[in-house]
Amino acid sequence: MLTVLIKILGIFAIIVVGFIATKSKVITKEAEPALVNLLLIITTPCMIFSSIVTRELDTSISGKIAIVIFGSLAYFIIMPIIIIPLSKRIFTHTPKEDLGILMAIMVANNTGFMGFPITRSVFGEHYFFLIVIQNIVLNIYLFLIAVMQMNYGNRSSFDIKHILKSIFSPCIVAAIGSMVILFSKIKMPETLLDITGMLGNVTTPLSMIVVGMRLANSNFKSVIKNRDLIIASVFNVILVPLITFLLVHWLPLSNDVKLIFIWAATFPCAVIIAGIASKEGRNATLASEGIALTTLMSLITLPIAASILSAIYL
């Protein structure tokens with residue numbers, strides 16, 4: 001438990017580096033989009049590829065992949081349904097057009113951008129592999145169900161081509177391609193594995209620096225005045241993980257699968273939510289503020305969750 005806590009605090013220390021570097025103008029705000037593209041298009045797909053294709057395939061992994069996929073699908077169907085009546089009761093003064101944004105903030109999890117590097121560093125390659133599988137389902141949620149949430153009470157149109165393009169991002173393509181190679185037992189050249197491994201190792205420090213940059217560029221004065229946003233953020237980082245724990249802990253599943261379901265639910269709001277809100281013509285500013293606030297809260301909740309889950313399931 002103490003080892004896990006030390007690991008995650010060490011990772012979060014890099015967020016402080018990114019925050020200070022941005023505030024002191026060592027890194028400019030304009031650099032963020034390029035760094036994000038570097039992460040999402042190059043380093044994270046390389047981390048996924050090198051981690052999966054170097055695994056030893058055993059008989060239990062196929063069953064766990066199926067459980068994580070179907071369990072994640074159930075999560076992203078059941079949780080939005082649970083959130084609807086709760087949101088109607090809690091956000092009574094929220095403008096109708098913003099209600100869907102708050103619901104998306106409560107459910108969406110940043111298991112890719114933050115989840116991949118943190119999970120790999122804290123829990124190791126096996127759990128990283130499982131959260132990659134979970135993230136495939138997350139992307140289906142983000143570009144289908146989250147869009148429906150944001151358009152709650154409004155008629156919306158779906159651009160199927162855009163949705164499919166968004167779902168099959170470089171990270172998802174890397175995950176699916178790597179699993180095909182893994183199950184086909186194709187031997188990859190050592191040089192390729194060395195290159196992708198080195199590029200993948202850049203992901204953790206770089207992603208945490210970008211998180212620090214985002215926090216430094218956020219306007220928290222407006223955030224702390226928004227009662228509904230604070231409630232939605234508390235749901236995201238505290239209540240949703242607790243609900244997930246109560247639903248999962250008693251199921252007849254292996255401890256590693258239980259851990260990954262609950263651990264995935266502890267991450268803050270997915271960064272892509274702001275971009276989806278902008279595309280759908282919704283309140284992207286509110287979405288961005290939710291991302292910043294849940295990320296800030298997660299600096300406290302994630303180390304606690306990691307310590308508790310490691311004590312229970314490892």
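Q: Which residue just after H5 takes a positive phi, and of about how many degrees?
A: This is a predicted model. In it, helix H5 covers residues 115-123. Just after H5 comes Gly124, whose phi is positive, at about 100°.

Q: Is helix H5 mostly covered or mostly uncovered, and how many of its residues are buried?
A: The buried residues of H5 include Gly115, Phe116, Pro117 and Ile118. Thr119, Arg120, Val122 and Phe123 are also among them. Helix H5 is mostly covered, and its buried residues number 8 of 9.

Q: What sign does phi have at Lys25, and what is its value?
A: Most residues other than glycine have a negative phi. Lys25 is not a glycine, yet its phi is positive. The value is about 70°.

Q: Where is Lys25, and is Lys25 buried or exposed?
A: Lys25 sits in the loop between helix H1 (2-23) and helix H2 (32-53). The cut-off for exposed is over 50% relative accessible area. Lys25 has 66% relative accessibility, so Lys25 counts as exposed.

Q: Which loop holds Lys185, and what is its phi?
A: Lys185 lies between helix H8 (170-184) and helix H9 (190-201), in the loop. Lys185 is not a glycine, but its phi is positive. That phi is about 60°.

Q: Why does Lys185 count as exposed?
A: A residue is exposed when its relative accessible area is over 50%. Lys185 passes that cut-off, because its relative accessibility is 67%.

Q: Is Thr22 buried or exposed?
A: Thr22 is part of helix H1. Its relative accessible area is 6%. Buried means under 20%, so Thr22 is buried.

Q: Which residues does Thr22 touch, not counting those up to four places away in sequence?
A: Thr22 belongs to helix H1. Leaving out residues up to four places away in sequence, Thr22 touches Ile27, Met213, Ala216 and Asn217.

Q: How many disulfides does a search of the whole structure find?
A: A disulfide is a covalent bond between the sulfur atoms of two cysteines. The search takes in the whole structure. The number found is 0.

Q: What is the nearest cysteine sulfur to that of Cys46, and how far away?
A: A disulfide needs two cysteine sulfur atoms within 2.5 Å. Cys46 is in no disulfide, and neither is Cys171. The nearest cysteine sulfur to that of Cys46 is that of Cys171, 10.0 Å away.

Q: Are Cys46 and Cys171 buried or exposed?
A: The cut-off for buried is under 20% relative accessible area. Cys46 has 13%. Cys171 has 10%. Therefore Cys46 and Cys171 both count as buried.

Technical notes: Residues numbered from 1 in each chain as written. Predicted model: local features only at pLDDT ≥ 70, side-chain atom pairs only at ≥ 80, totals over all residues. Heavy atoms only, no water. Helix = DSSP H or I, 4+ residues; strand = E, 2+ residues; numbered from the N terminus. Buried < 20%, exposed > 50% of the residue type's maximum accessible area, 1.4 Å probe, protein only. Contact = heavy atoms within 4.5 Å.
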